[in-house]
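Take a look at the chain below. Then follow the report from the whole fold down to single residues.

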Amino acid sequence: MSYKSPFLKSRDRLFENEVGFVIYDKYPVNEGHCLIIPKRVYSDYFDSTPEEIEGLTNLLFKTK
C-alpha cells in the first residue's frame, strides 16, 4: 500500500537526520508544539524499523 504525506513537502525544518525531521505544528495545541515526521511514509509508529525508532527518538530529545 502506498501512502502520500503532506508533511514531506518543503517546509522550515528545525532539525533533521537520516530518518526524519522536526517542524513547528501549523495548528499547535500549545506554544512551541512540534511534529516529528519520519521520512518514510507509513501509517503506524509501530511499523517503524529499530533504526527509525532510534533516529526519531534522537530527534525527540534534540527538540526537547
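The sections below go from the overall chain to its helix and then to chosen residues.

## The chain as a whole

This is a predicted model. The protein chain holds one helix and three strands. Along the sequence they come in the order β-β-β-α. So the strands come before the helix.

How far does the C-alpha trace span along its principal axes? It covers about 35 × 25 × 20 Å. The radius of gyration is 12 Å, and a compact globule of 64 residues would have one near 11 Å, so the two agree.

## Surface and contacts

Of the 64 residues, 22% count as buried. The chain exposes about 5100 Å². Carbon and sulfur atoms supply 55% of that area.

Contacts also link distant parts of the sequence. Take the contacts between residues at least 6 apart in sequence: 34% of them join residues at least 24 apart.

## Helix α1

Helix α1 runs over residues 50–63, which makes 14 residues. From its first C-alpha to its last it reaches 20 Å. That is close to the 20 Å expected at 1.5 Å a residue.

Which residues of α1 are buried? They are E52, G55, L56 and L59. These four cover an arc of only 95° around the axis, which puts them on the same side of α1. A general rule helps here: an α-helix has 3.6 residues a turn, so residues three or four places apart point the same way. On the other side of α1, P50, E54 and F61 are exposed.

What do the buried residues of α1 pack against? Their partners are β1 (15–16), β2 (20–24) and β3 (34–38).

## L56 and E51: two helix residues

L56 lies in helix α1. Its relative accessible area is 8%, and buried means under 20%, so L56 is buried. Leaving aside neighbours within four places in sequence, L56 is in contact with V19, G20, I36, I37, P38, Y42, Y45 and S48. K4 is 52 residues from L56 along the chain, and their C-alpha atoms are separated by 19 Å.

E51 also sits in helix α1. Is E51 buried or exposed? Its relative accessibility is 54%, and exposed means over 50%, so E51 counts as exposed. E51 and E18 are 33 residues apart in sequence. In space, they are 9.7 Å apart, C-alpha to C-alpha.

## S48: before the helix

S48 is placed in the loop between β3 and α1. At 9% relative accessibility, S48 counts as buried. Not counting residues up to four places away in sequence, S48 touches R40, Y42, I53 and L56.

Which side chain makes a polar contact with the side chain of S48? That of Y42 does, at 2.7 Å. A polar atom of the S48 side chain also lies 2.6 Å from the backbone oxygen of Y45. Y42 and Y45 come up again in the contacts of L56.

## N17: between two strands

N17 is found in the loop between β1 and β2. With 16% relative accessibility, N17 counts as buried. A polar atom of the N17 side chain lies 3.0 Å from the backbone nitrogen of V19.

What does N17 touch, not counting residues up to four places away in sequence? The list is K39, G55, N58 and L59. Of these, G55 and L59 are among the buried residues of α1.

## F15: a strand residue by the helix

F15 belongs to strand β1. At 28% relative accessibility, F15 counts as partly exposed. That value falls between the cut-offs of 20% for buried and 50% for exposed.

How many residues separate F15 and L59 along the chain? They are 44 residues apart, yet their C-alpha atoms are separated by 7.1 Å. F15 touches F21, V22, L59, K62 and T63, again not counting residues up to four places away in sequence. L59 is thus a shared name: it appears in the contacts of F15 and in those of N17.

Note on methods. Residues are numbered from 1 along each chain as its sequence is written. This is a predicted model: local features need pLDDT of at least 70, side-chain atom pairs count only at pLDDT 80 or more; totals for chains, interfaces and linings use all residues. Side-chain values use heavy atoms; hydrogens and water are left out. The expected span of a helix is 1.5 Å times one less than its number of residues. Buried means under 20% relative accessible area, exposed over 50%, partly exposed in between (1.4 Å probe, protein chains only). The arc is that of the directions from the helix axis to the C-beta atoms. Contact means heavy atoms within 4.5 Å. A polar contact is a pair of N or O atoms within 3.5 Å; within protein, one must be able to donate a hydrogen and the other to accept it, and residues adjacent in sequence count only if both atoms are side-chain atoms. The radius of gyration is taken over C-alpha atoms; the globule rule is 2.2 Å times the number of residues to the power 0.38. Accessible areas come from the Shrake-Rupley method with a 1.4 Å probe; for residues, only the protein chains shown count as cover.
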